[in-house]
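Work through the exercises below with the sequence and the model side by side, and try each task before you read its solution.

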Amino acid sequence: MRLLPLLPRLCAVLTATALVAATGHAASALPRTVTAGGQPYASYWYPDTILGWDPATDPDARFNRSRVPLRPRTRSLRLKANANARAGEARVASLVSFAPTSGNPSQGSLAADYYAFTYWQYVDTLVFWGGSAGEGLILAPNPTVIDAAHRNGVKVYGTVFFPPTVYGGRIEWVRDFVTKSGSTYPVADKLVEVARYYGFDGWFVNQETAGGDAALATELRSLITYARGRGPTEFMWYDAMTEDGAISWQDGLTPANDAFLADPDRVADSMFLDFGWTAARQRASRDRARSLGRDEHDLFAGIDTEAGGYDTAVPWEAVFPSGRPHVTSLGIYRPEWTWKSANGPADFRARDSRFWVGANADPSDTSTSSPWKGLAHYIAESTPVTAKPFVSGFNTGHGDFYNVGGARVRDGGWNNLSVQDVPPTYRWIVESAGSRLTPSIDYGDAYEGGSSLRLTGRLDAVNTVRLYQTRLPVAAGTRLSVVLKTPRAGATHLKAAVAFADSPTTFTTFDLGATGGTGWERRTLDLSAYAGRTIAQLALRVTGSDDAYDIRVGQLAVYDGAIDEPAAPSRLTVLGVTDVSPTRKALRLSWTGAGRPHHYDVYRRDPDGSRTYLGATPNDAYFVPALDRAGAETTTTIEVEAVGAEYGRSTPATAAITW
């Protein structure tokens, strides 16, 4: 909300750091001190300092690269969870501040407390929100967020933020941004280069600095058009600066700002409309977009959830009228309220579920007395599960320990969205004529990572737990694999359930039998008899009776043939070492990869021959924040092994660290 007549609505996150630097920015950003093995951070710049950026000389650059391509997504109207939800209309943009501009670690950290977002099926674009007068105006996303988003088919944008004067903004920065060299815009060239090198999809441009004029506004449009022509790099424009150069929020698409979206130049790919819109303004914006030859869903009606989360008053009918086409798309400012307002991990997950799915934790039932029904009420789920192999260990990308193949290889908190699995499409839909079991992501045990799927409750009727919407063709060698664990040996009452595209709501089941103990056990099922058909849903079915049913599922996979062993990395190199203490070092590592594995796991070899997990990345460089000396050892062996898309593992590359 506006605190003063000309105060912006997209700058609350930036207040503290911007006010520190209200006297302005001297000539260039103060450089971060980088030690040989020190923590790398996501990149941030001012318009003049980005001109000097070169990945060949930036020691952090290689740690900020995402190697995960944007996956295609699909959706089935026959399989949408909610009868009210619509597909192929409104899109959702999520503007998230994961940390202060200068404080985004490149590859996760040793803390479980993190905004580990898992409702990607309702989001189309994530804006990595940040920028401030005191740190830098241009913020590139870190690779962990890009990796997780791209695995879910979600685009990621960096942020360009020109703050209002009251928050330290200077119109000279905007003029620096659009300075030309001949027929080129050097800053635009750098924006495109950064996006290509780091592997993300575009930029959100938020120009709120007063003092401009029509000529400056024209140059900004020209710069965006120029950069898009150098692409593929997308741009989203924020409704703040108008065509005459003034800062005047229109709360819609109007004659004062439509040149930023208009054909034939198609300046911006989309526009984020400020928060003061009404139903009438939304309809007028839709009509104006159409008159310009633009899709009305290129307009994102902004809602500000930073302070109130799902208690925010939103005129939902103005965007998503019941039973009628969506008027525009939706832009959500600061949905990480669910994390920042929570009083602990369980509270965060409950709040996030209510925010996205609704009060009943069931996207098929969004009935509630609250005006906030959840995004699942309006937006049909998308799925990136469109190609084999598909493997999920229900790992959310953070936790209090790390398991590999069911064995504990690290204790202690961590976050790393690069290893987050594609979350279930439906959270949760349980069909039963009797008591319904309770599915949950359980952080007490895991087969891979720090979490697993758990089903608990009173079992007195058949339960079908729908998990993933998919589009997976079945071939002669296709296998379905389930890894499970029970608290005692005996009947699991569990069946894997598959629905095919020719009858997508009818499940074919495969009995998973009994367990022989209390450890993780794998069941591998041959789907060759169904070759030529396409899997449309993956589910679990539970039958029988049990007053206190309890089972964990640690992995669900669909793949062809045998599990392949990926090619091993080579030339593991220690780029730098920092002595954190006499018994702890931080390391920067690099290696040469082969092929495109799912990720690389990094370990240390312990004196007793066992291994301790240090982290993971899909990249060919990794920062180890804490290598602890074991006893009086004089050297420690570091190992890096490739983990394939089917979770086969290579032989490791090794290097030695001397104490």
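## Exercise 1: A sheet and its edges

Strand 27 (residues 584–592) and strand 30 pair in the antiparallel sense, and the pairing runs over six bridges. The model in which this pairing is found is a predicted one.

**Task.** Find which residue stands opposite Arg 584 in strand 30, and then work out which strands are the edge strands of the open sheet with the order 26-27-30.

**Solution.** Begin at Arg 584, and look across to strand 30, where the residue opposite is Asp 628. Next, place this pair of strands in its sheet, which is open, has three strands in the order 26-27-30, and is paired in the antiparallel sense. The edge strands are strand 26 (570–581) and strand 30, since each of them pairs on one side only. From one strand to the next, the twist of this sheet averages 20°. As background to the pairing, strands of a sheet are held to one another through backbone hydrogen bonds, in either a parallel or an antiparallel arrangement.

## Exercise 2: An enclosed strand

**Task.** Decide how many of the eight residues of strand 18 (residues 478–485) are buried, and identify the bridge partner of Arg 479 in strand 23.

**Solution.** A residue is called buried when its relative accessible area is under 20%. Seven of the eight residues of strand 18 are buried, and therefore the strand is largely enclosed by the rest of the structure. Now turn to the pairing, where strand 18 meets strand 25 (residues 546–560) in the antiparallel sense over eight bridges, with Val 483 standing opposite Gln 555 of strand 25. Strand 18 also pairs with strand 23 (residues 521–526), again in the antiparallel sense, over six bridges. Within strand 23, the bridge partner of Arg 479 is Asp 526.

## Exercise 3: One serine and its surroundings

**Task.** Determine whether Ser 270 is buried or exposed, and list the residues that Ser 270 touches, leaving out those up to four places away in sequence.

**Solution.** First locate Ser 270, which is found in strand 8 (residues 270–273). Its relative accessible area is 3%, so Ser 270 is buried. With residues up to four places away in sequence not counted, Ser 270 touches Phe 235, Met 236, Trp 237, Leu 261, Arg 294, Asp 298 and Phe 300. For one of these residues, Phe 300, the distance can be added: Phe 300 is 30 residues from Ser 270 along the chain, and the two C-alpha atoms are separated by 7.5 Å.

## Exercise 4: Backbone angles to look for

**Task.** Locate the cis peptide bonds that lead into Pro 232 and into Pro 389, and then compare the exposure of Ala 361 with that of Arg 571.

**Solution.** The bond from Gly 231 to Pro 232 is cis, with omega near 5°, and Pro 232 has its place in the loop between helix 6 (214–229) and strand 7 (234–238). The bond from Lys 388 to Pro 389 is likewise cis, with omega near 0°, and Pro 389 belongs to the loop between helix 10 (345–356) and strand 11 (390–392).

Ala 361 lies in the loop between helix 10 and strand 11, and has a positive phi of about 50° although it is not a glycine. Arg 571, which lies in strand 26, has a positive phi near 50° and is also a residue other than glycine. As for exposure, Ala 361 is partly exposed, with a relative accessible area of 31%, whereas Arg 571 is exposed, with a relative accessible area of 64%.

## Exercise 5: Space inside the model

**Task.** Find which strand gives the most to the lining of the largest cavity, and then describe the lining of the largest pocket by class.

**Solution.** The structure holds five cavities of 30 Å³ or more, and the largest cavity has a volume of about 130 Å³. This largest cavity is lined by 16 residues, of which Ser 109, Leu 110, Leu 614, Gly 615 and Tyr 622 lie nearest its centre. Strand 29 gives the most to this lining, with four residues. By class, the lining of the largest cavity has eight nonpolar, seven polar and one charged residues.

The largest pocket holds about 790 Å³ of space. Its lining has 31 residues, with Arg 67, Val 68, Pro 69, Arg 596 and Pro 597 nearest the centre, and by class it has 15 nonpolar, eight polar and eight charged residues.

Terms used
Residues numbered from 1 in each chain as written. Predicted model: local features only at pLDDT ≥ 70, side-chain atom pairs only at ≥ 80, totals over all residues. Heavy atoms only, no water. 1 Å grid on protein atoms, 1.4 Å probe; cavity = no way out; pocket = protein on both sides within 12 Å on 5 of 7 lines; lining within 4 Å. Points joined across faces, edges and corners; volume = space filled by probe spheres on them. Helix = DSSP H or I, 4+ residues; strand = E, 2+ residues; numbered from the N terminus. Nonpolar A, V, L, I, M, F, W, Y, C, P; charged D, E, K, R; others polar. Pairing = 2+ DSSP bridges. Axes fitted to C-alpha atoms, helices over the stretch in contact; angles between N-to-C directions. Buried < 20%, exposed > 50% of the residue type's maximum accessible area, 1.4 Å probe, protein only. Contact = heavy atoms within 4.5 Å.
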